[in-house]
Amino acid sequence: MASKLTFNFPLRCLYWCPRCCTNSAWPAPNASKPRPFSTANSVQAIAAPAIDFSSTDNIPPPNIKNARVVPASPSYFSGRPDFTDNLLSLQTLLRKYQTLPTVAPGQAPRIAWRTVSQYRLLVGEPVRASKYHQVIEILKRLNQIHPAVMPPDLHEAMQVYKRDINPYAVVRRPAIIDTDGRACGIGKRKSSSAKVYLVQGQGEVLINGKSVNEVFGRIHDRESALWPLKATNRVDKYNVWALVSGGGTTGQAEALTLGTAKALMVHEPDLKPALRRAGCVTRDPRRVERKKPGKLKARKMPAWVKR
């Protein structure tokens with residue numbers, strides 16, 4: 001039969017708790033008295049001697065082991081450091097000279113700026129077109145400053161973004177009337193070209209030594225060849241002698257249109273607005289699109305067959 005064990009000492013918790021551990025024999029945690037703060041045994045820091053920067057003899061030599069190369073530009077770690085430097089320099093110039101007198105946008109000197117592809121080759125960075133557009137807008141604003149007060153540093157900074165050849169500086173040689181009273185005009189359309197001589201007369205027309213009816217079988221081509229004279233009511237006042245080559249009848253007829261209009265403007269420059277309204281002054285740049293490999297024509301695809 002099992003015996004019942006008895007204990008002569010009171011049972012207490014294994015850990016201290018406020019219910020049963022009120023006896024002073026079981027001390028409460030963190031019951032020790034706080035120690036007084038003292039700095040008697042603390043280590044005191046000693047400052048280094050001051051460095052005299054007035055002379056270079058007192059400066060200590062640099063630590064070569066921990067030295068590193070510092071880039072000259074703060075934009076070195078960006079994706080486009082040269083472009084960023086150029087943009088920041090132009091913005092600085094704009095803030096510096098924005099109070100100078102300006103001229104109207106139409107009166108500012110015409111300058112051909114570099115294209116985005118030319119600028120990419122210049123800096124050697126993949127610059128986006130939208131980012132380069134910001135540079136162009138700043139350059140256009142700086143170009144509006146009056147030329148009489150243009151600062152030299154600003155003029156030098158803008159030279160970097162100009163094209164090597166300014167197409168606006170090219171002046172077209174004026175057409176003249178020769179001693180025989182003839183005015184010459186050259187017109188082109190597609191692969192056709194025409195050289196037209198216009199002289200005052202009774203309305204005779206010769207194209208490659210033939211009449212208009214012999215050269216052009218279609219009525220539309222005949223009308224197109226002499227359309228500048230008909231639009232200005234000058235059919236009976238000028239004789240036309242032309243040389244055409246290349247292309248087909250439609251291209252040659254429209255090349256004659258442009259050449260005749262240019263020759264007519266030499267005789268009567270006041271007719272240019274009327275000829276422009278008639279559509280005889282602008283050169284038509286449209287051409288036949290080339291055929292691509294794998295296609296029947298320029299864009300036509302062959303019939304799709306399932307099997």
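What percentage of the chain's 307 residues count as buried? I looked that up before anything else: 26% do. Note to self: this is a predicted model.

**Overall layout.** I went through the elements next and found nine helices and four strands in the chain. Reading from the N terminus, I get the order α-α-α-α-β-β-β-α-α-α-β-α-α. I also checked the contacts between residues at least 6 apart in sequence, and 67% of these join residues at least 24 apart. For surface, I noted about 23,400 Å² exposed by the chain, with carbon and sulfur atoms supplying 56% of that.

**Helix H1.** I picked out H1, residues 81–97, and checked its span. Its 17 residues should cover 24 Å at 1.5 Å a residue, and I find the end C-alpha atoms 24 Å apart, so the two agree. Then I asked which H1 residues are buried. My list has Pro81, Phe83, Leu87, Leu90, Leu93 and Tyr97. As for what covers these buried residues, I found helix H2 (116–123), helix H3 (129–143) and helix H4 (152–158) among the cover.

**Strands.** I turned to S4 (residues 238–245) and looked for its partners. Strand S2 (residues 192–200) runs antiparallel to S4, and eight bridges join the two. Within that pairing, I see leucine 198 opposite valine 240 of S4. Strand S3 (residues 205–207) also pairs with S4, this time in the parallel sense, over three bridges. Where does isoleucine 207 find its bridge partner in S4? I traced that partner to alanine 242.

Notes
Residues are numbered from 1 along each chain as its sequence is written. This is a predicted model: local features need pLDDT of at least 70, side-chain atom pairs count only at pLDDT 80 or more; totals for chains, interfaces and linings use all residues. Side-chain values use heavy atoms; hydrogens and water are left out. Two strands pair if DSSP finds at least two bridges between them. The expected span of a helix is 1.5 Å times one less than its number of residues. Buried means under 20% relative accessible area, exposed over 50%, partly exposed in between (1.4 Å probe, protein chains only). Contact means heavy atoms within 4.5 Å. Accessible areas come from the Shrake-Rupley method with a 1.4 Å probe; for residues, only the protein chains shown count as cover.
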